[in-house]
Amino acid sequence: RTRVERLKRYPSRAGRASGTVVLWLKVTSSGSLAGVGISRSSGNALLDQAAISAVQKARMPAAPNGLNQGTHTFSLPIRFAR
C-alpha cells in the first residue's frame, strides 16, 4: 500500500473530484504484477485510471518466506480527496 500511495498522482483534469476506487491485484510470489483491474469504481474514470497507473508503476515486494508460490490476489482501496 505504501509503495502505491507514494506513486499516486491526483489527475489535474479531475478538478475537485474525490472518491475511492477498489482495485484487485494479482502479484506473483517474486513481487511481479500479474494483473490489475477495478473491483469498484470511484465513479470518476480519471481517478480510476490514476489508481491503476500508480499500481503499475509500483515495485511490489517479494512474498514472505513460507507463503505459497504462485500468484496471490489482493483487494486494494485507493482514496482520492481534495
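1. Buried residues make up 38% of the 82 residues in the protein chain, a value that belongs, like every other in this note, to a predicted model. Along its principal axes, the C-alpha trace of the protein chain spans about 45 × 20 × 15 Å.

2. As to secondary structure, the protein chain holds two helices and three strands, and from the N terminus on these elements follow one another in the order α-β-β-α-β. Of the contacts in the protein chain with a separation of 6 or more, 69% are made by residues 24 or more positions apart.

3. A UniProt record, which is an unreviewed entry, places the feature "domain: TonB C-terminal" at residues 1–82. That span is 23% helix and 34% strand, and its end C-alpha atoms lie 20 Å apart.

4. A reader who wishes to follow one residue through the fold might take Ser39, which lies in strand E2 (residues 33–40). Leaving aside residues up to four places away in sequence, Ser39 touches Val22, Leu23 and Trp24. With Leu23 in particular, the separation is 16 residues in sequence, while the C-alpha atoms of Ser39 and Leu23 are 5.2 Å apart in space.

5. The count of aromatic pairs comes to one. Tyr10 and Phe80 form this pair in an edge-to-face arrangement, with 6.0 Å from centre to centre and 65 degrees between the planes. Because Tyr10 lies in the loop between helix H1 (2–7) and strand E1 (19–28), and Phe80 in strand E3 (residues 71–80), the pair ties together parts that are 70 residues apart in sequence.

6. Phe80 deserves a second look. Its relative accessibility is 1%, and Phe80 therefore counts as buried, the cut-off for that class being under 20%. In addition to the pairing with Tyr10, the ring of Phe80 has Lys8 lying over its face, at 5.1 Å from the ring centre.

7. The last point concerns the largest pocket, in which about 310 Å³ of space lies. Its lining consists of 17 residues, and of these Leu25, Val27, Met60, Pro61 and Phe74 lie nearest the centre of the pocket. H1, E1 and E3 each supply at least two residues of this lining. Which element gives the most to the lining of the largest pocket? That element is E3, with four residues, and E3 is also the strand in which Phe80 of the aromatic pair lies.

Methods
Residues numbered from 1 in each chain as written. Predicted model: local features only at pLDDT ≥ 70, side-chain atom pairs only at ≥ 80, totals over all residues. Heavy atoms only, no water. UniProt positions renumbered as here; feature names shortened; annotations may be inferred. Contact = heavy atoms within 4.5 Å. Phe/Tyr/Trp six-rings, centres within 6.5 Å; stacked < 30°, edge-to-face > 60°. Buried < 20%, exposed > 50% of the residue type's maximum accessible area, 1.4 Å probe, protein only. Lys NZ or Arg CZ within 6 Å of the ring centre and 35° of its normal. 1 Å grid on protein atoms, 1.4 Å probe; cavity = no way out; pocket = protein on both sides within 12 Å on 5 of 7 lines; lining within 4 Å. Points joined across faces, edges and corners; volume = space filled by probe spheres on them.
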